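Please walk me through the sheet and the core of this protein. Short answers will do.

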Amino acid sequence: MLSIRVPKRPKARTLLLAAAATAVGLALVPTGGTYALWSDAETVTPGAITSGSMTLTIDKPALNTGAWSNLLPGESATETFVVTNAGTVAASLSASLTVAAPVPEIASHMTLRLTHLSEELCKPGRTGGMETVLTSTGAVAIAEMPANTPMTFCAEVRLNADAPITVQGQTASFAINLTATQR
C-alpha cells in the first residue's frame, strides 16, 4: 500500500509574522531608513561668491597729434598717456595698430614705439618697449598690469631716416588699440 504524505499547512501565526516582516522590509527599502536609534544632519553655508572685474580707462583717449606734425626724416616726437586697470584682477596688456584707409605711403615709413615709463623719461630716441611699423598687423604684448593700478606709457612716433621724398606732406591717421586679458 502506497502512502502519500500531505504537508501540513503553515500555522496562522507563522503567516502573520512573515507578512509583518515583509511589510516592514518593504517600507524601509524606498526610504533608505535604518534601525538606528540616533541620526543627525547639519548644513554648511558657504557664503557668497563674487566675481572679479576688469575695466581699462585711458586718461587721454585722443593724443595730441600736433606734436607729431611736420616731422622730417629721422625725427620723432613723443606723447604720454595713462592706462588704468580699474578692476580687481590682474591683466596682460597688448597693443595693435589700425591705420585709417586709404593707407598712405608714409605709413610704411613711420614707426611707433610704446614704452612703459614715467612722463619725465618720455623723450625721443628711447630704447625698449614695443616698436612696430604703422602698417603692421597683430597684437604685441606690452605690459602686465596689476589690479587697480595706473601705468604711464610713452608713445613715440618716428619718420624713418630713409623715408623717400614722395611722402612729404602726407598724413597717416592711426589708432592704438589696447586689449587687456585677465591673467
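Q: Which residue stands opposite Glu79 in S7?
A: This is a predicted model, where local features need pLDDT of at least 70, side-chain atom pairs count only at pLDDT 80 or more, and totals for chains, interfaces and linings use all residues. Residues are numbered from 1 along each chain as its sequence is written, and side-chain values use heavy atoms, with hydrogens and water left out. S2 and S7 run antiparallel, joined by 10 bridges. Opposite Glu79 in S7 stands Ala155.

Q: What is the strand order of the open sheet of five strands?
A: Strands here are DSSP runs of E, at least two residues, numbered from the N terminus. Two of them pair if DSSP finds at least two bridges between them. Pairing in this sheet is antiparallel, and the order is S1-S2-S7-S4-S5.

Q: Which are the edge strands?
A: An edge strand of this sheet pairs on one side only. Neighbouring strands are turned by 25° against each other on average, direction ignored; the axes are lines fitted to C-alpha atoms, with angles from 0 to 180 degrees between N-to-C directions. The edges are S1 (56-58) and S5.

Q: How many residues of S4 are buried?
A: Buried means under 20% relative accessible area (exposed is over 50%, partly exposed in between; 1.4 Å probe, protein chains only). S4 is joined to S7 by seven bridges and to S5 (residues 130-133) by four. Met110 stands opposite Leu159 in S7, and Thr111 stands opposite Val133 in S5. S4 is mostly covered, and of its seven residues the buried ones number six.

Q: Which element gives the largest share of the largest nonpolar core?
A: A nonpolar core is a set of buried Ala, Val, Leu, Ile, Met, Phe, Trp, Tyr and Cys residues joined through side-chain atoms within 4.5 Å. The largest one has 29 residues, and Phe81, Leu114, Leu134, Ile142 and Phe153 have the most contacts inside it. S2, S3, S4, S6 and S7 each give two or more residues. The largest share, five residues, comes from S7.

Q: What is the angle between the planes of Phe81 and Phe153?
A: Rings of Phe, Tyr and Trp (its six-membered ring) pair if their centres lie within 6.5 Å; planes under 30 degrees apart count as stacked, over 60 as edge-to-face and the rest as tilted. The structure holds one such pair. Phe81 in S2 and Phe153 in S7 are 72 residues apart, and both are buried. Their rings are stacked, 6.0 Å centre to centre, with the planes at 25°.
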